Amino acid sequence: MTQLNSDKQAECVQTSNSELPKTLPVTPSAIPTRRRPSREPRHAMANQPAEERISNFQEVALGYTLEQARAEAERCLQCKNAPCEAGCPVEVRIHDFISAIIDNDLPEAVAILKERNALPAVCGRVCPQESQCEATCVLARRGEPVAIGRLERFLADWDRQRPEEERNKTRLAPCKHKRIAVIGSGPAGLAAAGELSLRGYYVEVFEALHSPGGVLAYGIPEFRLPNYILEDEVEALRQARVTFHMNAPIGTVASCEELLDEGFNAVFIGVGAGLPKFMDIPGENLNGVYSANEFLTRVNLMHAYEFPRWDTPVQRGRQVVVIGGGNVAMDAARTALRLGAEEVTLAYRRTQAEMPARIEEVEHAIEEGVKLVELASPLEVVGQDGWVTGLRLQKMELGRADASGRRRPIPVEGEEYVHPADTVVSAIGTLANPHLREVADVDINQWGYLSVGEDGQTSNPRIFAGGDIVTGSATVIEAMGAGKSAAIAIDELLSAPDVQTQRRMT
């Protein structure tokens, strides 16, 4: 077992809460405009110190001040072809909103940002900009890209702190008096609802759980995405012709076909892929074994971290092992620390270099004391009297690259050992829920996901789909991009002559 290491210093500086401004400035200060791009290094963003944040669920990253945002924006080269925009799945006009920040016109910057992104405060916090818009920034070729995600977060937070009458309002098209049903209120569903409302439709969102947001609500901890941020984004949609129906699982209350019969003009399915994968090893039925879905849902959506004030219990392990190396694994490990674990270990079958989690999340886990067992694959959950006592691990080595582009882990014969644990969390991915067959009578592929054309249209021409239920596990912004694309296709379908509404999936 080795301590989780990082070969470079964490990019984000740490500061005490007392050193930070209490609120973002509401009115842009009179800072002279400077159009020539700066060659300064990327500006750091303040964090809660690690020794403080491991004992609370408050947000870790604390955002830019106005001065920091202006300085970071001025690093932008303002390229004419804006290659960063090609990396954005929802096609935000990045060049233009950064230009507006440079010109000290924050209301215009917010308007540009919200024109194409229904969830800017969410995306600014949880999207992997480093592999999307920032990856295609020209500055990334020889150094650090412009901190596009941090600027996006800054604008959304600045707008939220303005008086209600001054906040940026969604610019809606004239009402078309047509109704669209959106199934699921995760990132794909919210993006589809936002785009459709902009285009003049009444949208009704059907959510199986008691609170909107899907994976944004149940899967991402408060310290990464506070609930009030998500609630604010949802409220903006409510004010824009979007109605939310909670505790309304489609397939139980009605099928998609029944919704169409009841008068909806089209349906979008964005239910995600929420069926957890397990390790398929002996001992998984022991007490103390969780899927990451259940563990995070209990803590995030059902407030188990506030037990007994909230009546949802959760295992507060002393020695916790999390299986996996993605963002969900990081979230589970860091959550276990905040619940009081003395030791939290990530067991990953490759090495830290191959982890798919965001670099920033790995670095935050490092700072907080999470440990890593590298090159280790689970063989058996060991227990006594029905409870977990350890996890038997197989030592691995890396071979040739597989289909993912990463080197394939290969077992080292005879190298097995037991790592002590009283709690094991499996964070190795998710699958499509088989309940999907009850939601809609449309084609499903061999992996259990919905089959769609390029525009998200299913085998039923008036039912569309997008997000993880089509692609499998992906990023928030990719799901939003799919929801937005499907919404545009729905608008085209319903605006076309009747003969065109009968087109089938290509």
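How many residue pairs are in polar contact across the interface of domain 2 and domain 3? I looked this up first and noted six such pairs, both residues at pLDDT 80 or more, where a polar contact is a pair of N or O atoms within 3.5 Å, one able to donate a hydrogen and the other to accept it, and residues adjacent in sequence count only if both atoms are side-chain atoms.

I keep in mind that this is a predicted model, in which local features need pLDDT of at least 70, side-chain atom pairs count only at pLDDT 80 or more, and totals for chains, interfaces and linings use all residues. Residues are numbered from 1 along each chain as its sequence is written, and side-chain values use heavy atoms, with hydrogens and water left out.

I then went to the domain bounds, which come from an automatic or database domain assignment: domain 1 covers 7–160, domain 2 covers 179–274 + 435–505, and domain 3 covers 276–430. For the contact (heavy atoms within 4.5 Å), I noted 16 residues from domain 2 and 15 residues from domain 3.

Next I looked up the buried area, the accessible area (1.4 Å probe) that two parts lose on being put together, summed over both, and found about 1300 Å² between domain 2 and domain 3, with 50% of it on carbon and sulfur atoms. On the domain 2 side, Tyr218, Phe223 and Arg224 supply 43% of the area buried against domain 3, more than any other three residues.

Last, I checked salt bridges (a side-chain nitrogen of Lys or Arg within 4 Å of a carboxyl oxygen of Asp or Glu) and noted two across this interface. I also recorded that Arg224 forms a salt bridge with Asp331, at 2.9 Å, N to O.
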